[in-house]
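Work through the exercises below with the sequence and the model open. Each task is followed by a solution in steps.

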Amino acid sequence: MLDEVPASPAEDARALGRQLAAELTRAVVRAEKRLGRTLDRGELAKRLNVSASSLYAYLNGTTLPGTGVFDALLGALGVTGPEAGRLGTLRDEAEALRRLRLTASRTTAPRTAAAPRPRQLPLNHPGFVGRDAELARLDGLLPDPGGDPTPDPAPALVAVVEGTGGVGKTALALHWAHRVRDRFPDGQLHVDLRGFGHESTMEPAEALHGFLQALGVTPAAVPADPAVASALLRTVLAGRRVLLLLDNARSAEQVRPLLPSEPGSVAVVTSRNRLDGLVVREGALRIALDVLPRYAARALLERQMGGERLAREPRAADQLVDLCARLPLALSVAAARTATAPEGSIGALIAELRGTRAPLDLFSAQDADVDLRTVFRGSYALLPEPAARLFRLLGCHPGPETDVAACAALVGTPDPPTALLDALAAAHLVRRHTPGRYVLHDLLRLYAGELLDSAPPPERRDGTERLLRHYLDTALLADHHLEPWRPLPDAPPPAAGRPAIGDHTEATRWFESELSAVQSLIARAAATPGLEPYAWRLAQACAVYLRRSGRRAQRAAVHALARAAAAGAGDRAAWTTATRRLADALSRLHRSSEALDLLHEALRACRERRDHEGIREARLSLVRVYASRADPRRALPHARLALSMAERSGDPMALADGLTAVAQQRERLGEHTVALEHCRRALELYTRLGHLDGQAGILVGMGRAEQGLGRHAAAIGHYEVSLALDRELGDRYREAHALDHLADAHAALGRHQVVRRLREEALTLFDELHHPDAEPVRAALHGHPPAPTGPPER
């Protein structure tokens, strides 16, 4: 192509004709060298079925050959492949400019008349809010106000605004376009390319026809060939400053013929698909939209419903923001439903959303472009079936975030379904949050669940069971690394997709990221006939993490679900274990009366089944409940019975636990020497077993016994070792208690500054855990020593 574009279509056409003639002449010379003789021009003209004078006119640039003659000429000269394509494009562009010149010569307007300046932007969205960062990035597209045609570096000519359906892509593009339209004095063009939805997708030729007419080309002069029409559009835009808004594009191929090629004009493309081709080939600026930040979502509701309305129902408004997943379209539909309704209608809508089995029905509308389900369907319908199946199965997953391993479990493959996830991410039906982890908002998950409900029933059942199996296997592995001294039960075979969990840190990280999903899956398994065993096994697998991390309410909720699942399945052994674990959790919540009732139920059930191990465990749980009530005299008999049973069994772990239970109650009764003797025996057993948890607990008991004997320095040594172990284990609750006990020992030695620092650390931990044990520590910090308490219970 020419390096410089002439000032008018006529000059441009002549220049392209001269360039084409020069290229053809070089092709003749190459053909003659290849043949070893001069080409007979007359013979060549006969082969082309044209006159010799016409052939000379083609070769000197005075006449442009038709497409048929041109193709025959290239064939005769042996021009093929990319070179033939390049020369064909050159001929087509010259033809397009020739037609434009003829059109201009036929017009009745004088040649000096101003070119048309289209103003095609649709109405700006009045409810637009937020997106400041995205608007600033779009501002980088603006042409140099000083008129420099070749700034260094040149700004991008194209921006692609991408995101899931209803996220506000068109609203952002339109808002920016209206804001900067004065920077494009030669006009603003707009087209809805209909890339998604029930209407047929617009072909580039149709969009080109409309743009060229808007820019002054008569309908008869618009080339039928899309490639020629595209070249004509680029030529017409040359030297102008025009903004093109290409809305709702399906693919890069659909919009590429509509793009400007020179600085000055700018195209903004919106799409639900990720248009990588435009970013790679055209250097487009990519702007990926996510749901609105919370403040902007609330501002959108306020703008559409009025500030007074939201002020009357502030909590309901915040809940509506969450239920709409901060998706602009959902928020707008919800606002429209409640804007003219009676006071209290936001709360009523929330109740309706939470009570209905099909929440998406409440986001429906007669207009397809604002009906949420229809909008989502437009993206889903374009997916290949394997990716569509994974999207449906994501309706099984309970959380907003999932990883590649869970996705592999859903589709039943050993390896991560990376290609399928890439297809979903390209369609903006999921978003890659961090490496290996993906997010889809709640409304998309609801839609996936609806699709799964309409699929054959085994698809949901099988997907759910595969997901439960995956989470159970991974939770068991993670739990093993929290207590590596215990053997790993039912060790699953290695799987390529399973998260790498090789130590305590990785296990803790997995539980932190997946606990919400695990709890939801426990509830689902408990409510699904045939899947109940997953509920109590998952609850057991996360019990240690819940205890150590101080999640008291979640711990109780999880074991309550496990107990209900076991009762529903009629599994008495699982029911007894879950009942005991629930009692332990309720004891931590200071609901000791409920805990005692549960433990007596469990004890009776164990006696009926002659479950001696269950009886021993229930005795230890009774010790913990009575200890939490500061009643060591009621706790001690159960501790003795548990120790006696352990001695008969010869199990070293059971023996260590029994010694610990007796030692703690002896210490609380003031029998410090006897308590210390039991502590030392328990510590020896725990150390031999590598049981760090047990070591940390018994060291606190040893410290308290040493304090009772007035040996505070020795107590400090035990507390410090216990504190180090608690921190290694990540047990924040017992870490806080160890700090508090350490403060007591330093206080006995008059080290007040150290005491204050230690109590402040303990108080910070208790406050972060929202634990009532914070109050005695706070009282001690303010000079009001609390009543003595015992060591922390499990």
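The structure is a predicted model. In it, Phe376, Tyr380, Phe391 and Tyr447 make up one aromatic cluster.

**Exercise 1.** Classify the geometry of the pair Phe376 and Tyr447, and locate both residues.

Solution. Eight aromatic pairs are counted in total. For Phe376 and Tyr447, the ring centres are 5.8 Å apart and the planes meet at 50°. Centres within 6.5 Å make a pair, and an angle that is neither under 30 degrees nor over 60 makes it tilted. Phe376 belongs to helix H17 (residues 372-380) and Tyr447 to helix H21 (residues 442-454), 71 residues apart. Both residues are buried.

**Exercise 2.** Repeat the steps for Tyr471 and Trp510.

Solution. The centres lie 6.0 Å apart and the planes stand at 45°, so this pair is tilted. Tyr471 is in helix H22 (residues 457-482) and Trp510 in helix H23 (residues 504-526), so the pair ties together parts 39 residues apart in sequence. Tyr471 and Trp510 are both buried.

**Exercise 3.** Is Asn248 buried or exposed? Give its phi and its place in the chain as well.

Solution. Phi of Asn248 is near 65°, a positive value in a residue other than glycine. Most residues other than glycine have a negative phi. Asn248 is part of strand E3 (residues 243-249). Its relative accessible area is 17%, and buried means under 20%, so Asn248 is buried.

**Exercise 4.** Do the same for Arg326.

Solution. Phi of Arg326 is near 60°, again positive in a residue other than glycine. Arg326 sits in the loop between helix H14 (314-323) and helix H15 (328-338). With a relative accessible area of 28%, Arg326 is partly exposed.

Note on methods: Residues are numbered from 1 along each chain as its sequence is written. This is a predicted model: local features need pLDDT of at least 70, side-chain atom pairs count only at pLDDT 80 or more; totals for chains, interfaces and linings use all residues. Side-chain values use heavy atoms; hydrogens and water are left out. Helices (H or I, at least four residues) and strands (E, at least two) are DSSP runs, numbered from the N terminus. Buried means under 20% relative accessible area, exposed over 50%, partly exposed in between (1.4 Å probe, protein chains only).
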